[in-house]
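Colleague: I would be grateful for a close look at the interior of this model. Please describe the packing and the chain segments around it in one connected account.

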Amino acid sequence: MLAATALTGCERGSSAGPGESTAGPSGCPAAQTRAEAAVKRAERTDVPWSGPTGGPTATRGKTIAYVAQTMTNPGVAGVAQGVREAARVMGWKVRVIDGGGTPVGIQAALSEAITLEPSGIVIGGFDPRATSRQVARANAADIPVIGWHAVGSPGPSKRPELFTNITTEVEEVAGASADWVIARSDGHARVVVFTDDSIPFARNKAQLIRKGLARCRGVRLLAYANIPIPDAGSRTPQEVSSLLSRFPTAWDYSIAINDLYFADAAPALRAAGKRGTGPPFNIGAGDGDPSAFQRVNSGQYQAATVPEPLSQQGWQVIDEFNRAFSGRAPSGYVAPVHIVTAANSGGATSWNPPGYRRAYREIWGK
């Protein structure tokens, strides 16, 4: 399996050669100005709640099956925790079934969920097309299915049939991470991208990150590290050591489609004598779990994250199910993109749109 591919050439976004200096004026003045403005907007912490303020009151006696791609994925686990919390407010029951990160395990987990005859099923962080037979069974049984990071865009889906899919706009998350690199580096960066191409959502995000970086001629993509999330713990340290050997001084920025790569990269970076405050300066384009915030806050091999509002999205899962059970349309809410650094985190270990709990409680009459 391909672990990392070095990328060279003189195309836009990869113009600097291995021996070229990145000192001097901006490598892309117009793109840098645009990136700086976008980053400034995304770093704001005073954005008011823009989600739903109306909807059906709470239905009773529901049971939700949350099928997880793998509970070792902090994003999947964080949303599961939000689902449990919101379900307690509703008086509903939740069963979490872990797919273990393998196709066979995920198919078995979804089959198990269907046999429980729940009121609704959550597809937590995996591609429904890999479980098309099970999804068809759930649809045939009139069990509403809601995705979290299941397909590429937020909102309802016909193929596969999902009542709605909950995610931030992947284009915005990918763009924000690329903008942060361009802005922070003054348009001069040599970047490694970490991804899991076995997950279509993640592969799409990684390609969008590459597209965002390509807006700046002074940015060069050194390598594209394709490491499946379930294997990240064992493979990332080895890959980082290899990258440091290949690019001992050139590698100065990283973007990962999930923060967990940097938890696994830290030992190798530390062993190589790299400072926790960088370089390489690392930004996660999801998911913003507590350990990522702790690394950012303490300057330990991660400088920023573009977090998913995991708890809010878990509450949104329950709100969307309540709308489905009540014969209503999905809310259509998509959380805004946000960039967290040590300067704006306030020491927090998560980010969620302010006021979401109160808003949902008021809708539900709880």
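Modeller: Helices (H or I, at least four residues) and strands (E, at least two) are taken as DSSP runs and numbered from the N terminus. The model is predicted, so local features need pLDDT of at least 70 and side-chain atom pairs pLDDT 80 or more, while totals for chains, interfaces and linings use all residues. Residues are numbered from 1 along each chain as its sequence is written, and side-chain values use heavy atoms, without hydrogens and water.

The largest nonpolar core (buried Ala, Val, Leu, Ile, Met, Phe, Trp, Tyr and Cys joined through side-chain atoms within 4.5 Å) has 60 residues. Buried means under 20% relative accessible area, exposed over 50%, and partly exposed in between, for a 1.4 Å probe and protein chains only. The members that touch the most others are Trp180, Val181, Val191, Phe194, Leu213, Trp251 and Tyr261. Helix H5, residues 170-184, gives the most to this core, with nine residues. Residues up to four places away in sequence aside, Trp180 has contacts (heavy atoms within 4.5 Å) that include Val39, Tyr253, Phe281, Ile283 and Ile339. Phe281 also lies beneath the charged end of Arg184, which sits over the ring at 3.9 Å from its centre (NZ of Lys or CZ of Arg within 6 Å of the ring centre and within 35 degrees of the ring normal).

The loop between H5 and strand S8 holds Asp186. Although not a glycine, Asp186 has a positive phi of about 55 degrees, and with a relative accessible area of 40% it is partly exposed. Strand S8, residues 189-195, then enters the interior, where seven of its seven residues are buried. Ala189, Val191, Val193 and Thr195 point one way, and Arg190, Val192 and Phe194 point the other. Two of these residues, Val191 and Phe194, are among the core members with the most contacts to other members.

S8 pairs (at least two DSSP bridges) in the parallel sense with strand S9, residues 219-226, over seven bridges. Val192 has Ala223 of S9 as its bridge partner. Between these strands the chain passes through helix H6, residues 200-213, in a right-handed β-α-β crossover; that is, with the strands pointing away from the viewer, the path from the first strand over the helix to the second runs clockwise. S8 also runs parallel to strand S10, residues 253-256, and four bridges join them. Here Val193 stands opposite Ile255.

A second, separate core of 30 residues includes Ile64, Ile146, Ile166 and Trp315. Trp315 also belongs to an aromatic cluster with Trp49, Tyr333, Tyr356, Tyr360 and Trp364. Within this cluster, Trp49 and Tyr333 are both buried and form a tilted pair, 4.9 Å centre to centre with 45 degrees between the planes. For such pairs, ring centres of Phe, Tyr and Trp (its six-membered ring) lie within 6.5 Å; planes under 30 degrees apart count as stacked, over 60 as edge-to-face and the rest as tilted. Trp49 lies between helix H1 and strand S2, and Tyr333 between helix H10 and strand S13, so the pair ties together parts that are 284 residues apart in sequence.

Two loops contain cis peptide bonds. One joins Arg159 and Pro160, with omega about 5 degrees, and Pro160 lies in the loop between strands S6 and S7. The other joins Gly286 and Asp287, with omega about 10 degrees, and Asp287 is found between strand S11 and helix H9.
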